[in-house]
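Welcome to a short tour, with your viewer doing most of the work. Have the selection tool ready, and we will go stop by stop.

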Amino acid sequence: MFWDVDYLLAQNPVLLALIAAVFTWLLTAAGSSMVFFFKEINPRVLNSMLGFAAGVMIAASFWSLLKPSIEMAEEQGITSWLPAVVGFLSGGAFLLLIDKILPHLHLGLSIDKAEGIKTSWQRSILLVLAITLHNIPEGLAVGVAFGALAMEPDIATLSGAVALALGIGLQNFPEGAAISIPLRREGLSRLKAFNYGQLSGIVEPIAAVAGAWLVLHIEPLLPYALSFAAGAMIFVVVEELIPESQRGNETDFSTIGAMLGFATMMVLDVALG
């Protein structure tokens, strides 16, 4: 094992969640830095990136969140499917509420198609907020996964949480590029486009700490919290990532990207978990 398991298991799960989420944020920033090298992004590449992100999130939702939720419910003597269903639907409902409230604009759409509460904010801000919306459930998922160490402080739980953080970080790189490069095309300077892109990921450490702290203090909520994060991520995938990746005529690239993303996350979770 390439890390000191005993040392990590002795650490506060909230601290581990923060470190892991900062890692995912840094990969968002690394992806955003691509704006210093490219002004345009090929639509096929963009669709592939978004599809890859969708595939990672779908796989993570099952392998890293729903499956452990069902297993923990069984260990607690609860009807195995109940926390998974309740948490999953609650997570989707939570993101639906945020989607209706938070002003945001999806890539490739005109500003009159902005969603959420009507505002006079600039198009660039609305684009960044759309990506920020993606990152809330990702950070929450990382936090809840590491928070699970409070209930099950073993190598399997730790490895699963690490695999989840690696998978989300991996898909954050193309996601960072997918926001910063279009912002550059919108007329922003390279530095501004980079700053906006990396700032879209700052919500991940915040959500991770909140998720880990919650399950650390209310352990019986853990199966529900895991499936809640899964529901929030699937909502983002179906509502935003898949539609955005299917724009244009080259939809095969987004489909292939999604398949590769799912396979990558599955390998990470099974190999490390």
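At what angle do the axes of helix 6 and helix 7 cross? Before you look, keep in mind that this is a predicted model.

**Stop 1: helix 6 and helix 7**

Select residues 155–185 for helix 6 and residues 190–199 for helix 7; their axes cross at roughly 145 degrees and come within 8 Å. The crossing of helix 6 with helix 7 is right-handed. To see where they meet, show side chains for I179, S180, L183 and R184 in helix 6, then add R190, A193, F194, Y196 and G197 in helix 7. Sorted by class, this contact has 5 nonpolar, 2 polar and 2 charged residues.

**Stop 2: helix 2 and helix 6**

Keep helix 6 on screen and add helix 2, residues 13–32. The axes of helix 2 and helix 6 come within 6 Å, crossing at roughly 30 degrees. Angles under 35 degrees count as roughly parallel, so helix 2 and helix 6 are roughly parallel to each other. Here too you have a right-handed crossing, between helix 2 and helix 6. The residues to display on helix 2 include A20, F23, T24 and L27, and on helix 6 they include L166, G169, F173 and G176. The contact of helix 2 with helix 6 has 10 nonpolar and 8 polar residues, and no charged ones.

**Stop 3: helix 2 and helix 8**

Now hide helix 6, leave helix 2 in view, and select residues 203–217, which form helix 8. How are helix 2 and helix 8 oriented, roughly parallel or roughly antiparallel? Their axes cross at roughly 160 degrees and come within 8 Å. An angle over 145 degrees counts as roughly antiparallel, and helix 2 and helix 8 are therefore roughly antiparallel to each other. Helix 2 passes helix 8 in a right-handed crossing. On the helix 2 side, display P13, V14, A17, L18, A21, V22, T24 and W25; facing them in helix 8 are E204, P205, A208, V209, A212, W213 and L216. By class, the contact of helix 2 with helix 8 has 13 nonpolar residues, 1 polar and 1 charged.

**Stop 4: E138**

For the last stop, find E138 in helix 5, residues 123–147. Is E138 buried or exposed? Its relative accessible area is 0%, and buried means under 20%, so E138 is buried. Turn on the side chain of Q171 as well: a polar contact of 3.0 Å joins the side chains of E138 and Q171. Leaving aside residues up to four places away in sequence, E138 also touches M57, I168, N172, E175, E204 and M233.

Terms used. Residues numbered from 1 in each chain as written. Predicted model: local features only at pLDDT ≥ 70, side-chain atom pairs only at ≥ 80, totals over all residues. Heavy atoms only, no water. Axes fitted to C-alpha atoms, helices over the stretch in contact; angles between N-to-C directions. Helix = DSSP H or I, 4+ residues; strand = E, 2+ residues; numbered from the N terminus. Left-handed = near helix turned anticlockwise from the far one by under 90°. Contact = heavy atoms within 4.5 Å. Nonpolar A, V, L, I, M, F, W, Y, C, P; charged D, E, K, R; others polar. Parallel < 35°, antiparallel > 145°, perpendicular 65-115°, else oblique. Buried < 20%, exposed > 50% of the residue type's maximum accessible area, 1.4 Å probe, protein only. Polar contact = N/O pair within 3.5 Å; in protein donor to acceptor, adjacent residues only side chain to side chain.
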